[in-house]
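Please examine the structure shown below together with its sequence. The paragraphs after it are meant as a guided reading for someone who has not met this structure before.

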Amino acid sequence: MARTSSTAYRRIPAVDRIVDSPQAAALISRTSRPFVVFLVRRVLEGVRRELAGNPRKEWPVPELEDRIQEALLQEFRSWARPGLKKVVNATGVILHTNLGRAPVGDTARRQLAEVASNYSNLEFDLGRGSRGKRDVIAGRLLETILNCPGALVVNNNAAAVYLILNSLAEGGEVLISRGEMIEIGDSFRVPDILRKSGARLKEVGTTNKTHLSDYRQGFSDKTRLVLRVHPSNFKISGFTSKPSLEELSALCASRSVPLVEDLGSGCLIDLEAERIEPEPHPRESLSRGADLVCFSGDKLLGGSQAGIIAGSSRHVQRIRQNPLFRALRVDKLALAVLESTLIAYLTRREELEVPVVRMIRMDAGLLKERADSLAARLSGLPTHLTVEAVEGASVIGGGSTPSQSLPTWLLCLRSSRCSAARLEALLRQSDPPVLARLDREAVLLDLRTVFPDDDARLIDILSGIE
Ligand SMILES: *Cc1c(COP(=O)(O)O)cnc(C)c1O
């Protein structure tokens, strides 16, 4: 074995030999020699790995060189086009963190393009002709929509939680109910963020029940803040209780300690028509007594990645003065999208302009029509797939509305030629990649999260699957 593989290895040409070839010279003239040397090394490593896994493989030298040249071109192409690209989300998870959470609507996209490709008044006060602040841009809209005196925007909600704790509780204690010591996906763990913020955690109550008296007993002269955290992607049900915000707020006020609620999602729409249990509205949390709330810009709000902090102007002012505010500041492109999204809410056009809201509200009857029509079009094509429209369920995702779903219609695909797992992989490798749900024997495409503009491409991809 060892002898065979070493003779096979000897056939692999030297790096220089490939780098000096005419094909490589063409690449060098378009890029640089060190880059092409780097690409050649990667390609040759790949060949070596392939031979190691298959030591008896006999490749005549000219064929091997052709393969290497082809691989070099492929490798170059893979570096010359962006790795971040559009995918078709057919999973039915509306807020899919792995797939970029909230897509941006047309109005926000136009605003984004305008701001991205021009200079803007990001930090310039056009009225006074002098330096301005970027964070007042969305702040004014947030204060109006949430009916509160202060608001600011940072990079994301994890940053918002961190910045609040660091600004208001560094060196002191923060009370949290044991039932709210959560980890949400993507390594956001409340106790870890708290420790890094320089505040000390003081747990109160138990996992399922925390009483007002638990908070009362938890207070000491070192208590700086009480944090409530929306459990987001899980639900404790049964024998549970926690004090109302009003009760907790009265207790906090009597000790002059701010009450902060991390809402996670920050839902501004009514989910009643969808028969989904309501998510706490930030405006309601504030009116019921939270001094500050924070939430994500790209979860149920449906805007850009951002962390929104809103509530008392005194606390917001203090947070703004923290030097870390500068380190966690929001990017202008995210701000452009967020502002457009908030205007959509203010002008009650969210269902038209915010894709996440549109998808949540999408009627199952219309989804059925689309599924039937796609299934009929595919059945008329010569393909090894059988396609059926079936009923199913979509989820909102993004750590909101756990264990609840929206009725939907799915395209259920089976192939006479390959397994469901193989079919799912082929769809994932198509252009654009189509991400589907894998059932045991079938591949399911949920049309709720597929933009209708992509239906035609979906038909092309499905009918072209070998
Ligand atoms: C999602 C979530 C966060 C983190 O928000 P990002 O915007 O992803 O940083 C923090 N807290 C809760 C409760 C969440 O659900």
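The following paragraphs treat two sheets, a ligand site and some points of backbone geometry in turn. The model is a predicted one.

The reader may begin with the sheet of seven strands. This sheet is open, its pairing is mixed, and its strands follow the order 5-13-12-11-10-6-9. At its edges stand strand 5, residues 150-154, and strand 9, residues 200-204, each of which pairs on one side only. From one strand to the next, the twist averages 25 degrees.

Within this sheet, strand 12 and strand 13 may be taken as an example of pairing. Strand 12 covers residues 292-296 and strand 13 covers residues 307-311; the two run antiparallel and are joined by five bridges. In this pairing, L292 has G311 of strand 13 opposite to it. Helix 13, formed by residues 313-321, packs on the sheet and touches strand 5, strand 12 and strand 13. The direction of helix 13 makes about 30 degrees with that of strand 5.

Attention may now turn to the ligand. Around the ligand are 13 residues, and those that come nearest are A158, S232, D262, S296 and K299. Which kinds of atom bring A158, D262 and K299 to the ligand? For A158, a polar backbone atom is 2.8 Å from an oxygen atom of the ligand. D262, by contrast, uses its side chain: a polar atom there lies 2.6 Å from a nitrogen atom of the ligand. K299 has an N or O atom in its side chain at 2.8 Å from an oxygen atom of the ligand. How much of the ligand does the protein bury? Taken alone, the ligand exposes 380 Å², and the protein buries 94% of that.

The shell around the ligand can also be described by its origin and its composition. Helix 8, residues 157-169, and strand 11, residues 259-264, are the elements that give two or more residues to this shell. By class, the shell holds four nonpolar, six polar and three charged residues.

A further sheet has five strands. It is open as well, with mixed pairing, and its order is 2-14-15-18-17. The edge positions belong to strand 2 (93-95) and strand 17 (437-438), and each of these pairs on one side only. Strand 17 meets strand 18, residues 443-446, in an antiparallel pairing over two bridges. Here R437 stands opposite L444 in strand 18. Helix 19, residues 420-428, lies across strand 14 (385-397), strand 15 (406-415), strand 17 and strand 18. Relative to strand 18, helix 19 runs at about 45 degrees.

The last topic is the backbone itself. As a general rule, most peptide bonds are trans, and most residues other than glycine have a negative phi. Against this background, the bond between D431 and P432 is a cis peptide bond, with omega of about -5 degrees. P432 is placed in the loop between helix 19 and strand 16 (434-435).

Two arginines deserve a look for their phi values. R101 is not a glycine, yet its phi is positive, at about 50 degrees; R101 is found in the loop between strand 2 and helix 6 (106-116). R348, likewise not a glycine, has a positive phi of about 55 degrees. The loop that holds R348 runs between helix 15 (332-346) and helix 16 (350-353).

Notes: Residues are numbered from 1 along each chain as its sequence is written. This is a predicted model: local features need pLDDT of at least 70, side-chain atom pairs count only at pLDDT 80 or more; totals for chains, interfaces and linings use all residues. Side-chain values use heavy atoms; hydrogens and water are left out. Two strands pair if DSSP finds at least two bridges between them. Helices (H or I, at least four residues) and strands (E, at least two) are DSSP runs, numbered from the N terminus. Axes are lines fitted to C-alpha atoms, for helices over the stretch in contact, and angles run from 0 to 180 degrees between N-to-C directions. Contact means heavy atoms within 4.5 Å. A residue is near a molecule or strand if one of its heavy atoms lies within 4 Å of it. A polar contact is a pair of N or O atoms within 3.5 Å; within protein, one must be able to donate a hydrogen and the other to accept it, and residues adjacent in sequence count only if both atoms are side-chain atoms. Accessible areas come from the Shrake-Rupley method with a 1.4 Å probe; for residues, only the protein chains shown count as cover. Ala, Val, Leu, Ile, Met, Phe, Trp, Tyr, Cys and Pro count as nonpolar, Asp, Glu, Lys and Arg as charged, and the others, Gly among them, as polar.
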